[in-house]
2 protein chains.
Amino acid sequence: MAKAKRTLKWQRDPEGMRLRILEAAKQEFSAHGLAGARVDRIAAKAGANKRMLYYHVGNKDELYLAVLEGAYDKIRSEERGLDLEHLDPPEAIRRLIEFTWNYFLRNPEFLSLLQTENLARAKHLKRSAKVKSMHSPFVEMIRTVVRRGVASGDFQVAVDPVQLYISIAALCFFYLSNSATLSVIFGRDLLAKDAKDERLAHMVGLVLAALTGQSAALFEIAKTSKSRTAVAQTV
Amino acid sequence: MAKAKRTLKWQRDPEGMRLRILEAAKQEFSAHGLAGARVDRIAAKAGANKRMLYYHVGNKDELYLAVLEGAYDKIRSEERGLDLEHLDPPEAIRRLIEFTWNYFLRNPEFLSLLQTENLARAKHLKRSAKVKSMHSPFVEMIRTVVRRGVASGDFQVAVDPVQLYISIAALCFFYLSNSATLSVIFGRDLLAKDAKDERLAHMVGLVLAALTGQSAALFEIAKTSKSRTAVAQTV
DNA sequence: ACAGTATTTATCCAACGGGTTAATTTCTTC
DNA sequence: GAAGAAATTAACCCGTTGGATAAATACTGT
């Protein structure tokens, strides 16, 4: 009678559940910030029950921190694969800019999470032993590139690698994270394909020109290599 | 008997009240974001009753929008006083960078408000007729400076003024708005006096070097003119 | 003085939201 | 195949919070 294998009322999958919860939480936190995020929505999005969040991860704050750590983990590991050492210095810088730009484009939630955490003055991040220990040997990679560039005569200045990294991140990050208000202010759609190409060209031109002292030439190269839209025509 | 002027139980001051409410709201929203802000705290901070917010401004959202519009209003009006037209082009750019940097330093709530609004993808700002109409003739000011710089031979490239403005804002904004997480990551206090001086020098050097093509010279000038801390020593 | 209006205070409440408790179902292992 | 552990569900709890109602107090004109 009860011979046929009864259909299960639910599946068991702790690993998968935890991942789905973190993924759903990432979306929710990046879309609504910490205070705006709703625990119930995260549960629903993860195809789970609210209780599960507490069972598998912890309370809202722990969940948020876990998401944040995951996000840092991901970008750091991709960065490690960049390996700028064997490119000639200007090309290395160009690749760094393009990587950063594309990473931000591909991972908009990362930008939102950082914004949210900065609004909280990094209150949560400070408590994270994990993130503090994973701050990358990336700065050393950049330092090496700059040194080599100066030695080879490609670069005019031995700029501080941290300043340079912050500047590159700034140029990419701000444009994207603030594109909504900037688009309203300037009455342009800054996320249109053309606009994004133009921006990348501008950033590469700006940074390389500053380092090499070849403004005109480099802005020109940047312009033509990546897009046909004018970077500098609107004068 | 009831002759002596009875002490008033409360003062009447609609204008002042409205201002106090907006100021309190600005602090609350910038400190906690839209969702995190508490209407009761705003009321308390304004030395008022919660009901007053609704009487004088409207509900939470309208209050938020009013604060945002006020913030834009303020920076736009200060910008108008900049008047870069009669400076020689490189000096004009330097002044623009310094103004932007100092404005952000003096008005950290402005940064927070913009971050908050961008997390909301400018949902509220889009509904604001006021802000859309006040988007400044600032771009034209910059365009003129760039034109003059190219004509005089100071600048090598006729860069798009909007890109330039966004880049300058980016360099200043990101450093400050993300200083909390960056400080944790890099293990430096980026808001220390020295660090801020170093940053300003770096930004001026970067942008002017790119425009003029005089990297080494300009980084050097930027370094020595504003601080004795090295911009480019850490190689 | 008196009426009418503008401003402020004092309560109240329904919905929401994070977190908990307790019961149910699946897996493991002996 | 029974017991115990792990995973999942369902239902409830209770402080918070945005917003509303109604009453009190000050101002204005007549």
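Which residues are the closest to DNA strand D? They are Arg12(A), Lys9(B), Arg12(B), Arg38(B) and Lys50(B). My notes on both DNA strands follow.

1. Basis. This is a predicted model, in which local features need pLDDT of at least 70 and side-chain atom pairs count only at pLDDT 80 or more, while totals for chains, interfaces and linings use all residues. Residues are numbered from 1 along each chain as its sequence is written, chains are lettered from A and ligands numbered from 1 in the order in which they are written, and side-chain values use heavy atoms, with hydrogens and water left out.

2. Surroundings of strand D. 24 residues surround DNA strand D. A residue is near a strand if one of its heavy atoms lies within 4 Å of it. Sugar and phosphate make up 63% of the atoms of DNA strand D that come within 4 Å of the protein.

3. Polar contacts to strand D. A polar contact is a pair of N or O atoms within 3.5 Å; within protein, one must be able to donate a hydrogen and the other to accept it, and residues adjacent in sequence count only if both atoms are side-chain atoms. The side chain of His56(A) places an N or O atom 2.9 Å from a phosphate oxygen of DNA strand D. Two backbones also reach phosphate oxygens of this strand: Lys60(B) at 3.2 Å and Gln11(A) at 3.4 Å.

4. Elements at strand D. Helices (DSSP runs of H or I, at least four residues, numbered from the N terminus) contribute here. H1 (14-36) and H3 (50-56) of chain A, and H3 (50-56) of chain B, each supply at least two residues of the surface near DNA strand D. H3(A) gives the most, with 4 residues.

5. Surroundings of strand C. DNA strand C has 24 residues around it; Lys9(A), Arg12(A), Lys50(A), Arg12(B) and His56(B) come nearest. Of its atoms within 4 Å of the protein, 62% belong to sugar or phosphate and the rest to bases.

6. Polar contacts to strand C. A polar side-chain atom of Arg12(A) lies 2.5 Å from a sugar or linking oxygen of DNA strand C. Backbone atoms pair with phosphate oxygens of this strand at Lys9(A), 2.7 Å, and at Lys60(A), 3.1 Å.

7. Elements and classes at strand C. H3 of chain A, with H1 (14-36) and H3 of chain B, each supply at least two residues of the surface near DNA strand C. H3(B) gives the most, with 4 residues. By class, this surface has 10 nonpolar, 4 polar and 10 charged residues.

Key. Ala, Val, Leu, Ile, Met, Phe, Trp, Tyr, Cys and Pro count as nonpolar, Asp, Glu, Lys and Arg as charged, and the others, Gly among them, as polar.
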